[in-house]
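Reader: I would like to learn how to read a structure such as this one, feature by feature. Could we go through the general idea each time and then turn to the case at hand?

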Amino acid sequence: MIQIKTPHDIEEYRAAGSLSKAALRLAGTLVKPGVSTLEIDRAVEGFIRLHGGTPAFKGYGGFPGSICASPNESIVHGIPSNTMFLNDGDIISIDTGATVNGWVGDNAWTFYVGNPSEEVKALCEVTRDCLKAAIEQAKPGNRLGDIGFAVQSLAESHGYGVVREYVGHGVGRSMHEDPNVPNYGKKGRGVKLQAGMIIAIEPMITLGLPSNHVLPNGWTVNTDDGLPAAHYENTIAITEDGPVILTADEEGPWCPMQGGAKE
């Protein structure tokens, strides 16, 4: 069942969204060659707790980390590790979430580690543009298919793959609520969007084939062909005045974003 939020709910949610974005920006400042993903995880957890939040991912379904850290061919749900070190030329998707006053923030960004290839940078730029195009469709009267079509058509026009097994989702007082928000679809099809919906839109786009598999750890999702993937996410409120990004800087200045496609 889709939970329609009141304007007051949406205002309350902003603190969770803002802290989640601040945590993501902090993670971005730590992305550099030689750093372990566990170092980033611990810094983000401490930051969220210091600012009155709770890491939304830690313990969720048994997930052990406070961030999802997914480098290169890992699409999503990478587990932070003290043996996984970043190397120059890598990219890494970092997904952060903070719970504040019962509301769950959720966002992600793909960061550059040093200087990736131009081919990989282009993948990141297009995936970021897919997110922007999808957000523009998040308005009352449109349908979920309009969001999915915006992502799919742009990604496939550049020859990239669109992951289908993992999708965006409603979010609020739970991490995952109805509806699912696929990154593919047809215009004018699917659930009609209403003012008061809060959804996380998160394109997951691959340089090669979109087929994927889950690693033996039960969480990390990798591309089957071993080619890189990019992942960007924002949480959006659908309002009568159009889409409002809730994972935005409301209480800055926080840490600056670095690397990855620009906002």
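Author: Let us begin with the interior, keeping in mind that this is a predicted model. The largest nonpolar core has 64 residues, and the ones with the most contacts inside it are Val31, Ile40, Ile92, Ile94, Ile147, Ile199 and Ile201.

Reader: Which helix gives the most to this core?

Author: That is helix α1, residues 7-30, which gives 9 residues. Apart from this core lies another one, of 6 residues, and among them are Val76, Val163, Met204 and Val221.

Reader: How should I read a helix that has many buried residues?

Author: An α-helix has 3.6 residues a turn, so residues three or four places apart point the same way. Helix α4, residues 144-157, has 14 residues and reaches 20 Å from its first C-alpha to its last, close to the 20 Å expected at 1.5 Å a residue. Its buried residues are Leu144, Gly145, Asp146, Ile147, Gly148, Ala150, Val151, Gln152 and Ala155.

Reader: Against which elements do the buried residues of α4 pack?

Author: They pack against helix α3 and against the strands β8 (161-162), β10, β11 (198-201) and β12 (204-206). Following α4 comes glycine 159, whose phi is positive, near 85 degrees.

Reader: What is the span of α3, and which of its residues are buried?

Author: Helix α3, residues 118-136, has 19 residues and reaches 27 Å from its first C-alpha to its last, close to the 27 Å expected at 1.5 Å a residue. Among its buried residues are Val120, Leu123, Cys124, Leu131 and Ile135, and the list also includes Lys121 and Arg128.

Reader: Where is proline 116 found, and is proline 116 buried or exposed?

Author: Proline 116 is found in the loop between β7 (107-112) and α3, and this proline is buried, with a relative accessible area of 3%. Leaving aside residues up to four places away in sequence, proline 116 touches Gly89, Asp90, Ile91 and Lys121.

Reader: Finally, how does one look for empty space in a model?

Author: Rolling a probe the size of a water molecule over the atoms shows where empty space is left. Here the largest pocket has a volume of about 370 Å³. The pocket is lined by 22 residues, of which His77, Asp95, His169, His176 and Glu202 lie nearest its centre, while β9 (168-170) and β10 (177-181) are the elements that give two or more residues to the lining. By class, this lining has 10 nonpolar, 6 polar and 6 charged residues.

How values were computed:
Residues are numbered from 1 along each chain as its sequence is written. This is a predicted model: local features need pLDDT of at least 70, side-chain atom pairs count only at pLDDT 80 or more; totals for chains, interfaces and linings use all residues. Side-chain values use heavy atoms; hydrogens and water are left out. Helices (H or I, at least four residues) and strands (E, at least two) are DSSP runs, numbered from the N terminus. The expected span of a helix is 1.5 Å times one less than its number of residues. Buried means under 20% relative accessible area, exposed over 50%, partly exposed in between (1.4 Å probe, protein chains only). Contact means heavy atoms within 4.5 Å. On a 1 Å grid over the protein atoms alone, a cavity is a set of points where a 1.4 Å probe fits but cannot get out, and a pocket is an open set with protein on both sides within 12 Å along at least five of seven lines; lining residues have an atom within 4 Å of a point. Grid points are joined across faces, edges and corners, and a volume is the space filled by probe spheres set on the points. Ala, Val, Leu, Ile, Met, Phe, Trp, Tyr, Cys and Pro count as nonpolar, Asp, Glu, Lys and Arg as charged, and the others, Gly among them, as polar. A nonpolar core is a set of buried Ala, Val, Leu, Ile, Met, Phe, Trp, Tyr and Cys residues joined through side-chain atoms within 4.5 Å.
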